[in-house]
Amino acid sequence: MTLVPSSMPSESTRPSESTRPSMTPNLAPSAEPSSVPSVSTIPSVTTDPSTSFAPTYEPCRPFASIAVIGENLRSISLKDEGYLAVALPFVFRWRGQSDHTNVTVTSNGVIWVGFSSDAGCCVVKPVELGGWYQEEKRIAVAQEDLNPATSGSIYVATTADNAFVVSWEDVPHHWGDDSDGLYFQAALYEGGRVELRWGEGNPLANQRLAAGIEDDPAGIAVPATGQPFGDKGVTVEGTWPRNQCRAFVPDGNGNYIEL
């Protein structure tokens, strides 16, 4: 797969944070990771979920280290507030309506469908799904102010069930250290299905994250629901959806539904 670097915008002023030095993304060429921690294995799937809106497992696969499930594995080198455009191995049908051949992966736990120069942080922390500040073509996996320059890595790969997976592994909050790593990933399927998966994580006491799907101005906002997610897909402070997953599928009318 081809990794296309994007330029880095200037960072906006953040409320309630001290002044931080300017950061620019490290868009180094992709390299094979030397080692990735194995977290868990995955169940078998008998039907390709990209061919139907209906789920073929209930409701989604759990998190598994990209080293376990990935093929054509590549690492993405991003610093704080980094982003990188990545070519997809198939045409992804966003909302079951519009076709896209690339996504933009960010250091802050969000994927933009198509090209974007937005690192996903931090007008509001975290950015609510369906809140006053809505965004276009957003897949919030664990959106917060994260920093892979502190520890951990971000990977992209394909899997045996024809998914394109982006995996953040051992990536901490910006104010955390290498003991505060989070493990999470998103799987995109050709037909438009999106799975959000969370493994182990050690969030900071005041850390929250946002998860779900949003597309403004289309008026689409489908937040992740169920504990520990509260209103508008935002977790309670200091909690983490350990070993959970959520699946979102097009409803045939241009929207998404959470299974």
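These legends accompany a set of close-up views of a predicted model.

**Close-up 1. A disulfide joins C60 and C245.** Let us start with the cysteines. A disulfide is a covalent bond between the sulfur atoms of two cysteines. The structure holds 1 disulfide, and in it the sulfur atoms of C60 and C245 sit 2.1 Å apart. C60 belongs to the loop between β1 (3-5) and α1 (66-69), while C245 is part of strand β13, so the bond ties together parts that are 185 residues apart in sequence. The link is right-handed, with 95° about the S-S bond. Look for both C60 and C245 among the buried residues.

**Close-up 2. R246 and E258 bridge two strands.** Here R246 and E258 form a salt bridge, and their closest N and O atoms are 3.5 Å apart. R246 is found in strand β13 and E258 in strand β14 (residues 256-258), which puts the partners 12 residues apart. The two ends of this bridge have their own surroundings: R246 counts as buried because its relative accessibility is 10%, under the 20% limit. E258, at 23%, counts as partly exposed.

**Close-up 3. Ring pairs gather F92, W94 and Y256 into a cluster.** A pair of aromatic rings is described by the distance of the centres and the angle of the planes. The structure holds 6 aromatic pairs, and two ring pairs are described here. For F92 and W94, the ring centres are 6.5 Å apart and the planes stand at 45°, so this pair is tilted. Both F92 and W94 are buried. The rings of W94 and Y256 also make a tilted pair, with centres 5.4 Å apart and planes at 50°. Since W94 lies in strand β3 (residues 83-94) and Y256 in strand β14, their pair ties together parts that are 162 residues apart in sequence. W94 is buried, with a relative accessible area of 0%, and Y256 is buried too, with 3%.

**Close-up 4. R242 meets E200 in a salt bridge.** Side chains of opposite charge can pair when their charged atoms come close. In this view the side chains of R242 and E200 do so, with an N to O distance of 3.0 Å. R242 sits in the loop between β12 (220-223) and β13 (244-250), and E200 in strand β10 (residues 194-201), so the pair links distant parts of the chain, 42 residues apart. R242 is partly exposed at 38% relative accessibility, and E200 is partly exposed at 36%.

**Close-up 5. More salt bridges, from a pair to a network.** The structure holds 11 salt bridges, including one between K232 and D231, whose closest N and O atoms are 3.4 Å apart. K232 counts as partly exposed at 28% relative accessibility, whereas D231 is exposed, with a relative accessible area of 58%. Elsewhere, a network of salt bridges links E135, R138 and E214.

**Close-up 6. T159 in its loop.** For the last view, find the loop between β7 (153-158) and β8 (163-171), where T159 is located. Is T159 buried or exposed? T159 is buried, because its relative accessible area is 8%, under the 20% limit. Leaving aside its neighbours within four places in sequence, T159 is in contact with I69, E71 and V165.

Definitions and conventions
Residues numbered from 1 in each chain as written. Predicted model: local features only at pLDDT ≥ 70, side-chain atom pairs only at ≥ 80, totals over all residues. Heavy atoms only, no water. Salt bridge = Lys/Arg side-chain N within 4 Å of Asp/Glu carboxyl O. Helix = DSSP H or I, 4+ residues; strand = E, 2+ residues; numbered from the N terminus. Buried < 20%, exposed > 50% of the residue type's maximum accessible area, 1.4 Å probe, protein only. Disulfide = S-S within 2.5 Å. Contact = heavy atoms within 4.5 Å. Phe/Tyr/Trp six-rings, centres within 6.5 Å; stacked < 30°, edge-to-face > 60°.
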